[in-house]
Amino acid sequence: MLSGLIAAVMIHASEPTEALAWYERAFPSAKRVHIAELNFTFLQIGELRLEVVASDEKVRAGPAGTVVYWRVEDFESALRELQGLGATLYRGPLDIEGGQVMCQVQDPWGNCIGIRGKRAQSL
């Protein structure tokens with residue numbers, strides 16, 4: 001039975017080393033962790049592992065269905081920061097419940113990142 005807790009988010013990219021560095025800039029509080037015996041490096045964000053791996057014929061980079069939405073304190077600021085790193089707006093922004101807004105951006109490899117949170121100023 002699934003616990004309801006997310007252990008890891010895996011992101012596929014054609015250039016995983018570059019993508020890992022990009023995500024490290026997108027999540028500045030993340031801690032880079034290297035497992036020497038597996039020669040595998042990932043980002044630890046709280047209890048969650050962000051794992052960037054090579055895309056291949058089974059799982060390609062880009063939008064395909066599931067999108068992880070990250071909670072942000074200031075929606076506009078988070079969107080600007082991601083765009084400043086090279087992300088492009090893919091879908092939204094869309095006003096949702098509780099005065100929140102959400103959107104999707106694409107990383108430089110085409111993967112979707114969702115963000116949702118409050119606007120800095122109420123509408």
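This is a short talk on the strands, one helix, the cysteines and the aromatic rings of a predicted model.

Let me begin with the sheet that contains β5 to β8. Four strands form this open sheet, in the order β5-β8-β7-β6, and the pairing within it is mixed. At its edges are β5, residues 69-72, and β6, residues 88-95, each of which pairs on one side only. From one strand to the next, the twist averages 20°.

Against this sheet packs helix α2, residues 75-84, which touches β5, β6, β7 and β8, the last of these being residues 112-118, and the direction of α2 makes about 155° with that of β8. Which residues of α2 are buried? They are F75, S77, A78, L79 and L82, and the elements covering them include α1, residues 16-26, together with β5, β6, β7 and β8. At the start of the helix, a side-chain oxygen of D74 comes to within 3.3 Å of the backbone nitrogen of E76, and just after the helix, G86 adopts a positive phi of about 110°.

Now to the strand pairings inside that sheet, taking β7 as the reference. Strand β7, residues 100-106, runs antiparallel to β6, and five bridges join the two. Within this pairing, L94 has M102 as its bridge partner, and D95 stands opposite V101. The hairpin of β6 and β7 has four residues between the strands, and G98 there takes a positive phi near 65°. Towards β8, strand β7 is again antiparallel, this time with seven bridges, and Q106 stands opposite C112. The hairpin of β7 and β8 has five residues between the strands, with G110 at a positive phi near 95°.

As for exposure, β7 is mostly covered, since six of its seven residues are buried. Q104, which is in this strand, is a polar residue worth a look in the viewer, and it counts as buried at 9% relative accessibility. Leaving aside neighbours within four places in sequence, Q104 contacts V67, Y69, T88, L89, Y90, R91, C112, I113 and G114.

Let me turn to the strands that come earlier in the chain. Strand β4, residues 48-54, has five of its seven residues buried, so β4 is largely enclosed by the rest of the structure. Strand β1, residues 8-13, pairs with β4 in the parallel sense over six bridges, and one of the pairs here is H12 with V53. Strand β3, residues 40-45, by contrast runs antiparallel to β4 and is joined to it by three bridges, with L43 having L50 as its bridge partner. In the hairpin of β3 and β4, which has two residues between the strands, G46 takes a positive phi near 60°.

Next, the cysteines. How many disulfides does the structure hold? It holds zero, and for C103 and C112 the reason is one of distance, because the sulfur of C103 is 10 Å from the closest cysteine sulfur, that of C112, which is too far for a bond, given that a disulfide requires sulfur atoms within 2.5 Å. The same separation is found from the other side, as C103 carries the closest cysteine sulfur to that of C112. Both cysteines are buried: C103 has a relative accessible area of 2%, and C112 has a relative accessibility of 17%.

I will finish with the aromatic rings. A pair of aromatic rings is described by the distance of the centres and the angle of the planes. The structure holds five aromatic pairs. In one of them, W22 and W109 have ring centres 6.4 Å apart and planes at 80°, so this pair is edge-to-face, the angle being over the 60 degrees that this class requires. What does this pair tie together? W22 lies in helix α1, while W109 lies in the loop between β7 and β8, so the pair links parts that are 87 residues apart in sequence. Both residues count as buried, W22 at 2% relative accessibility and W109 at 15%. Beyond this pair, ring pairs link W22, Y23, F27, W70 and W109 into a cluster.

Note on methods:
Residues numbered from 1 in each chain as written. Predicted model: local features only at pLDDT ≥ 70, side-chain atom pairs only at ≥ 80, totals over all residues. Heavy atoms only, no water. Buried < 20%, exposed > 50% of the residue type's maximum accessible area, 1.4 Å probe, protein only. Pairing = 2+ DSSP bridges. Axes fitted to C-alpha atoms, helices over the stretch in contact; angles between N-to-C directions. Contact = heavy atoms within 4.5 Å. Polar contact = N/O pair within 3.5 Å; in protein donor to acceptor, adjacent residues only side chain to side chain. Phe/Tyr/Trp six-rings, centres within 6.5 Å; stacked < 30°, edge-to-face > 60°.
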